Amino acid sequence: MVKPDSEHAEPHPLAVWPGTAYPLGATYDGAGTNFSIFSEVADAVELCLIAKDGTETRIPVEEVDGFVWHAYLPSVAPGQRYGWRVHGPYEPENGHRCDPSKLLLDPYGKAFDGKFDGDSSLITYGEDTLGHTMSTVVINPFFDWANDRAPKRAYHDTVIYEAHVKGLTATHPGIPEELRGTYAGLAHPVVIDYLKTLGVTAIELMPVHQFMQDQTLLDQGLRNYWGYNTFGFLAPHNEYASADKPGVTVSEFKAMVRAFHAEGIEVILDVVYNHTAEGNHKGPTINFRGIDNAAYYRLVDDDLAMYMDYTGTGNSLNARHPHTLQLIMDSLRYWVLEMHVDGFRFDLASTLARELHDVDRLSAFFDLVQQDPVVSQVKLIAEPWDVGEGGYQVGNFPGLWTEWNGKYRDTVRDYWRGEPATLGEFASRLTGSSDLYEATGRRPSASINFVIAHDGFTLRDLVSYNEKHNEANGEDNNDGESHNRSWNCGVEGPTDDPDVLELRARQSRNILATLLLSQGTPMLAHGDEIGRTQQGNNNVYCQDSELSWVDWSLLDKNADLLEFTRNVITLRRKHPVFRRRRFFEGQPIRSGDQNRDIAWLTPSGDEMTPEDWDSGFGKSLSVFLNGDGIPEPNQRGERVFDDSFLLCFNAHDAELEFSTPGSLYASEWSVAIDTSEPTGLADVTLTAGEAITVAARSLLVLRRTA
C-alpha cells in the first residue's frame, strides 16, 4: 500500500480505531463515528476533517477490507464536516481519474454543507478544491417518529400529485415567508389541507436528493430548478431546509414525511440514479470520478477517457458494477427505512436496465429490487425511456413496476385536439392499457396515467400554445420538445377573446375528467387544477422564478377549475367502477345479461361494430361501465357493487346528439359530470333511450339512477 506523503499526512491528535467496512459512509452510533468508503483503484485514502474556520485535518485510513477503506473516530460527533482524498492513478486513457488534490464528497453522505464556487480547481487536475467545494456532514440519525405509520394505499385508490418543493410553496400567502420553498413549508397545514381537500393521496416530489447547480446556468443568471443533477443519493437537498444548518435538513425532511403520513398522504420521491452531476470528461470532480471512475461510470469501450451517455447529461452510472448497485440499493433502503418515504419514481429508468448495450428488463438492478424485502414493498414507478437506442420501453418493465404511460399522454392529447387517431387506441388507454401491461401479469394500476408532467407544457399552456416559447432559457428556443401535441384553440398565447378562453377552459376540463376517470393510476401536475401557466415555456428546468412557481393568486381567478377537479376526484373516489383492480373482460352482451362489465356504444346508443371502430370520423363514442359487473372482491373478500355510468365523448367541433341505451342498461340516468359546465355539475335526468345534446368538444358522464 502506498502511504500518503508527509506533506499531506499532517500529525493529528485524534484517536483512530479500525472501525468496520459496513455500513458505508459516516455512521454516528451515539459515542463516535464510523467512516467507510469504497475504492478499488485507490493506493491510499485520507479522511479529511474540516474545522469551522475551513482548515483541514487529514487522517490516513489504514484499514481496508474488500476495497472498502474504514476507520472509527470516537471523538467525532454530529455536525462534523468532512471529505475524502483518494490517492491513485490519474490515467484517463485507462479510465482512472484519481486526484488527491480534490476534496471528495462522500457518496454515502447524508447531509452536505457549503457550496461550489465555480473555481477552476473543480475541473483542473492538481488544483486543491478545499474551500471551493461543499463538505459532507456527520448527522444525528436519531429522530422521534412518534406513531408514524405508512399509509400503504393501494395503487387503484391512489391519486398522485407531482410537485416541486420550492415551486409549490414559494408564493403561497398562507405559509410564513421564512418557510416558503422548504420542506417545512411543504408540510405546513395550509398545503396539506389543500391537498386533502383536492383529493390527493400521494405527493410525488421532484428531485430532493442533494444536487449541484450547473455553473454554466449560474453564469447566465439561471439555476438548476428541477434538480436532475444529483451527487448525493442519501441526502435531502440542503437548499430546501428552512435553516442553514446541515443537521436541520434531515430532521426537517423527516418531520415533513411524518406530517403527510398523519393525514394519510404518501410521499414518493423522483430519484435520479442514471447519471450524476459530474457530467462528461470536461466536468467537475466532486466525488465518484475521483474515488473510482471506472467502477461508478459507464465508459466507452474503445475510448476509456470518454463516458457513455444514455441520459443526455454527459455520463451514465455503471449499474453493472456491484458497488454501484449496492449504492443504489442502499440509498433506496435508507429512504424507506430511515426517512419513511413510500415509493420512488425512477428518472430515465431504462438506463438502469442496460447490462451491456440493449435494455434488458431482467438486468441485475431489477433482480435485486425483486428480491429485496424492503424496496420491493413500496411503490416503484418507472419513467420507461432514456435517450439511447432502444430506450423507449413503455410496457416492458417487470411485474412489480408501474410506469409513466407516455402512450396514454399522447393518445389523450391527440384525441381532444382533434387529430386523426383510432378510437381503439383511445379506448385502450381509457381502460387501463391492457395491451401494454396484461401480458406481464400486471393490473390496470400499472399504468400511471398522465397528460401533463413537469417536463413539457402545463395544462393551461397545452390548450393555449401550438409552439414552445423557451427564449428565456438562453438557447434560442432550441431546447425542449418541439412536438407537443398541443392546440392553442385558435390564438397563440394570451388573449381576451371570450370564445377562445371558454374553449380552453373546456379543453382543460376534458383532459382532467378523462385522466381522472380512466382505469389506472392518475397523476396530476402541481398547479394544473388552478390553471398554472409557464407562458409557453415547456422546459423550465433552469427557471427558478415566478415563471415556474405555482401562482396562488389563481385560486380565486380559476376557482371553478379547482372545484371541477375536486368534483371529478370525488366521483372517482366514491365509485370503484372507475378504479377497478382488474382489466375489463368485455364479453359480447346478451339479452337479459346484467353481468357485462363494459360496452362501447355509438352516439345513437347502438353497440360499436368493427366498422364503427375503423370509421374515419373517430371523434365520438360512449362507454357503459357496469357497476354490477365488477368481478374482483374488496379487501375483505366481499362482492363489490357500484352505480353504473355512461361516458359520452364528443371531440367533434360541433354539438352531437347522444341517445342513452335501452332499458337493458338502465331506465333512468342523471348527469354526474358535464365538462361544458364550469364546475362540471348539472341537474339533468333522462329516461332510457332519451337523447341528450353533448356540447362540442366535451365529455358528459351519466350515472344510472334507476
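An open sheet of 4 strands, in the order 1-2-6-5 and with antiparallel pairing, is found in this predicted model. Strands here are DSSP runs of E with at least two residues, and helices are runs of H or I with at least four residues, both numbered from the N terminus. Two strands are said to pair if DSSP finds at least two bridges between them. As a reminder, strands of a sheet pair through backbone hydrogen bonds, either parallel or antiparallel. At the edges of the order 1-2-6-5 stand strand 1 (25-28) and strand 5; each has a single partner strand, so one side of each is left without a neighbour in the sheet. On average, neighbouring strands of this sheet are turned by 25 degrees against each other, direction ignored. Such angles run from 0 to 180 degrees between N-to-C directions, and the axes are lines fitted to C-alpha atoms, for helices over the stretch in contact.

Walking across the sheet, strand 1 is joined to strand 2 by 4 bridges, and the two run antiparallel; here alanine 26 has phenylalanine 35 of strand 2 as its bridge partner. Strand 2 (residues 33-38) is in turn joined to strand 6 by 6 bridges, again antiparallel, with isoleucine 37 opposite tryptophan 69 of strand 6. On the way to the other edge, 3 bridges link strand 6 with strand 5 (residues 63-65), also antiparallel, and tryptophan 69 is the bridge partner of valine 64. The hairpin of strand 5 and strand 6 has 2 residues between the strands, and glycine 66 takes a positive phi near 55 degrees there.

Strand 6 (residues 68-73) deserves a second look: 6 of its 6 residues are buried, so the strand is largely enclosed by the rest of the structure. Buried means under 20% relative accessible area, exposed over 50% and partly exposed in between, with a 1.4 Å probe and protein chains only. Val68, His70 and Tyr72 point one way from the strand, while Trp69, Ala71 and Leu73 point the other way.

Turning to the helices, helix 7 (residues 322-337) packs against helix 8 (residues 364-371) at an angle of about 35 degrees, with the axes 11 Å apart. In their contact (heavy atoms within 4.5 Å), Leu325, Ile328, Met329 and Leu332 of helix 7 meet Ala364, Phe365, Leu368 and Val369 of helix 8. These residues divide into 8 nonpolar, no polar and no charged, where Ala, Val, Leu, Ile, Met, Phe, Trp, Tyr, Cys and Pro count as nonpolar, Asp, Glu, Lys and Arg as charged, and the others, Gly among them, as polar.

Residues are numbered from 1 along each chain as its sequence is written, and side-chain values use heavy atoms, leaving out hydrogens and water. As the model is predicted, local features need pLDDT of at least 70 and side-chain atom pairs count only at pLDDT 80 or more, while totals for chains, interfaces and linings use all residues.
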